Amino acid sequence: MTATDPALTALAQGWCALSLLHGQIETHIERALQAGHGLSVREYSLLDVLSRQHDGEGGHLQMKQVADAVVLSQSATTRLVTRLEDRGLLSRYLCPTDRRGIYTDVSEAGAALLAQARPTNDAALREALDEAARNPELAPLVKAVETLRVPV
């Protein structure tokens with residue numbers, strides 16, 4: 001294949017469209033969350049991921065797992081956790097079975113803020129997808145997002 005191969009060009013165009021869709025959605029949600037709740041998309045995502053932890057087997061996430069879930073480096077995730085902890089939205093504690101491990105839980109204040117922010121996030125996502133669907137280049141991607149079912 002060469003750099004001007006039609007298959008590579010189509011692939012690059014598809015990637016650009018996906019990147020554009022992601023950027024538009026993230027920007028729209030960011031504005032809504034900041035205006036309504038003083039949260040960034042990353043902060044909201046972190047609270048959401050941590051709120052889904054449970055006390056069962058494998059229910060608490062290690063920092064690397066959290067970082068992977070919110071698509072940040074481990075150091076960036078640690079800084080984000082610290083900022084949210086400083087705001088009283090999270091708390092950290094030592095793993096009871098491995099004193100080297102540190103777990104992070106959403107505080108009552110964090111859970112309350114997340115509950116308030118969730119409808120804002122969902123509405124902003126819907127608005128961003130509806131707007132993107134009007135663009136013929138993005139419409140197939142929007143349809144894919146709307147029909148995607150992630151296993152629980």
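1. A good place to start is the middle of the protein. The largest nonpolar core holds 29 residues, and Leu33, Leu39, Leu46, Leu47 and Leu90 have the most contacts inside it. Helix 1, helix 2, helix 3 (63-70), helix 4 and helix 5 each supply at least two residues of this core. Helix 5 gives the largest share, with 7 residues. Please keep in mind that this is a predicted model.

2. Now for the overall layout. The chain has 6 helices and 2 strands, and from the N terminus on the elements follow the order α-α-α-α-β-β-α-α. The C-alpha trace spans about 55 × 40 × 25 Å along its principal axes. Of the 152 residues in the chain, 31% are buried. If you take the contacts between residues at least 6 apart in sequence, 50% of them join residues at least 24 apart.

3. Next, look at how helix 1 (residues 6-37) meets helix 5 (residues 108-133). These two helices pack at an angle of about 145°, and their axes are 9 Å apart. Helix 1 passes helix 5 in a right-handed crossing. On the helix 1 side, the contact is made by Leu21, Gln24, Ile25, His28, Ile29, Ala32, Leu33 and His37. Helix 5 brings a list of residues that includes Leu113, Ala117, Asn121, Ala124, Leu125 and Leu129. By type, the residues of this contact divide into 12 nonpolar, 6 polar and 1 charged.

4. Helix 5 also packs with helix 2 (residues 41-51), at an angle of about 115° and with the axes 10 Å apart. Here the crossing is left-handed. From helix 2, Tyr44, Leu47, Asp48 and Ser51 meet Gly110, Leu114, Ala117, Arg118 and Asn121 in helix 5. The residues of this contact divide into 4 nonpolar, 3 polar and 2 charged. Leu47 is worth a second glance, as it is also among the residues with the most contacts inside the core.

5. Leu90 makes a nice stop on the tour. Leaving aside its neighbours within four places in sequence, Leu90 is in contact with Leu46, Leu47 and Leu50, and also with Val81, Leu84 and Glu85. Its other partners are Thr104, Asp105, Val106 and Ser107.

6. Three threonines are handy for comparing surroundings. Thr77 is found in helix 4 (residues 74-86) and counts as buried because its relative accessibility is 0%, under the 20% cut-off. A polar atom of the Thr77 side chain lies 2.9 Å from the backbone oxygen of Ser73. Beyond its neighbours within four places in sequence, Thr77 is in contact with Leu46, Met63, Val66, Ala67, Val70 and Leu72.

7. Thr104 lies in strand 2 (residues 102-106). With a relative accessibility of 4%, Thr104 counts as buried too. Not counting residues up to four places away in sequence, Thr104 touches Leu50, Gln53, Met63, Val81, Leu90, Ser91 and Arg92. Met63 therefore appears among the contacts of both Thr77 and Thr104, with the two threonines each counted as buried.

8. Is the third threonine, Thr27, buried or partly exposed? Thr27 is found in helix 1, and its relative accessibility of 36% makes it count as partly exposed. For a sense of distance, Thr27 and Glu57 are 30 residues apart in sequence, and their C-alpha atoms are 36 Å apart in space.

Methods
Residues are numbered from 1 along each chain as its sequence is written. This is a predicted model: local features need pLDDT of at least 70, side-chain atom pairs count only at pLDDT 80 or more; totals for chains, interfaces and linings use all residues. Side-chain values use heavy atoms; hydrogens and water are left out. Axes are lines fitted to C-alpha atoms, for helices over the stretch in contact, and angles run from 0 to 180 degrees between N-to-C directions. Helices (H or I, at least four residues) and strands (E, at least two) are DSSP runs, numbered from the N terminus. A crossing is left-handed if the near helix is turned anticlockwise from the far one by less than a right angle, and right-handed if clockwise. Contact means heavy atoms within 4.5 Å. Ala, Val, Leu, Ile, Met, Phe, Trp, Tyr, Cys and Pro count as nonpolar, Asp, Glu, Lys and Arg as charged, and the others, Gly among them, as polar. Buried means under 20% relative accessible area, exposed over 50%, partly exposed in between (1.4 Å probe, protein chains only). A polar contact is a pair of N or O atoms within 3.5 Å; within protein, one must be able to donate a hydrogen and the other to accept it, and residues adjacent in sequence count only if both atoms are side-chain atoms. A nonpolar core is a set of buried Ala, Val, Leu, Ile, Met, Phe, Trp, Tyr and Cys residues joined through side-chain atoms within 4.5 Å.
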